[in-house]
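Reader: Before we discuss this protein, please show me the sequence and the model. I should then like to go through the interior and the strand pairing.

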Amino acid sequence: VQLQASGGGLVQAGGSLRLSCAASARTLNWHAMAWFRQAPGKERDFVAGVSWSGGRTNYANSVRGRFVISRDVAKNTVYLQMNSLKPEDTAVYYCASDPNYSGSISSLPIESTYIYWGQGTLVTVSS
């Protein structure tokens, strides 16, 4: 599975961006998809995840209520709609795929379960 992330850029605080991640796979039926981010000098952190079949979601507390993860099954694409952006959201955002999703949304934030990773897209939020 190859993942191609796009949509990053520079935005002012309070603004919005939508990230996209297109997956090259015949089927993602047993996958979970997620977004992680890595700020300069920090570890990579979970942002949001979604089960491909059923669309169940999980979010990091820091983004819950501001970000929305969704997927388009027909396009094999997962999105991250980011609203009310803050300077602390500045990071490289990575999409990832877990082809052996357990079915539990509590496993969505676990980075080690994700096998396939996109190349990252930079989001910069200015104050």
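**Aromatic rings and core**

Reader: Is F36 buried or exposed, and what is its relative accessible area?

Author: Buried means under 20% relative accessible area, exposed over 50% and partly exposed in between, with a 1.4 Å probe and protein chains only. F36 falls in the buried class, its relative accessible area being 1%.

Reader: On what basis are such values given?

Author: This is a predicted model, in which local features need pLDDT of at least 70 and side-chain atom pairs count only at pLDDT 80 or more, while totals for chains, interfaces and linings use all residues. Residues are numbered from 1 along each chain as its sequence is written, and side-chain values use heavy atoms, leaving out hydrogens and water.

Reader: How many residues apart in sequence are the parts that the pair of F36 and Y114 ties together?

Author: Rings of Phe, Tyr and Trp (its six-membered ring) pair if their centres lie within 6.5 Å; planes under 30 degrees apart are stacked, over 60 edge-to-face and the rest tilted. F36 and Y114 form an edge-to-face pair, with 5.3 Å centre to centre and 75° between the planes. Y114 is buried, at a relative accessible area of 6%. Because F36 lies in strand β4 (a strand is a DSSP run of E, at least two residues, numbered from the N terminus) and Y114 in the loop between β9 and β10 (116-117), the separation is 78 residues.

Reader: Into which class does the pair of F36 and W117 fall?

Author: W117 lies in strand β10 and F36 in strand β4, so their pair ties together parts 81 residues apart in sequence. W117 is partly exposed, at 26% relative accessibility. The ring centres of F36 and W117 are 5.1 Å apart and the planes stand at 55°, so the class is tilted.

Reader: At what distance from the ring centre of W117 does R44 lie?

Author: A charge sits over a ring if NZ of Lys or CZ of Arg is within 6 Å of the ring centre and within 35 degrees of the ring normal. The charged end of R44 sits over the ring of Y94, 5.2 Å from its centre. R44 also lies over the face of W117, where the distance is 3.8 Å.

Reader: Which strand supplies the largest share of the largest nonpolar core?

Author: A nonpolar core is a set of buried Ala, Val, Leu, Ile, Met, Phe, Trp, Tyr and Cys residues joined through side-chain atoms within 4.5 Å. The largest one has 37 residues, of which W35, L80, M82 and Y93 touch the most other members. With five residues, the largest share comes from β4.

Reader: Which residue stands opposite L17 in β8?

Author: Two strands pair if DSSP finds at least two bridges between them. The order of an open, antiparallel sheet of four strands is β1-β3-β8-β7, and β3 is joined to β8 by six bridges. In β8, the residue opposite L17 is M82.

Reader: Which residue in the turn between β7 and β8 has a positive phi?

Author: Six bridges join β7 to β8, which run antiparallel, and I69 stands opposite L80 in β8. The two strands β7 and β8 form a hairpin with four residues between them. The turn residue with a positive phi, of about 50°, is N76.
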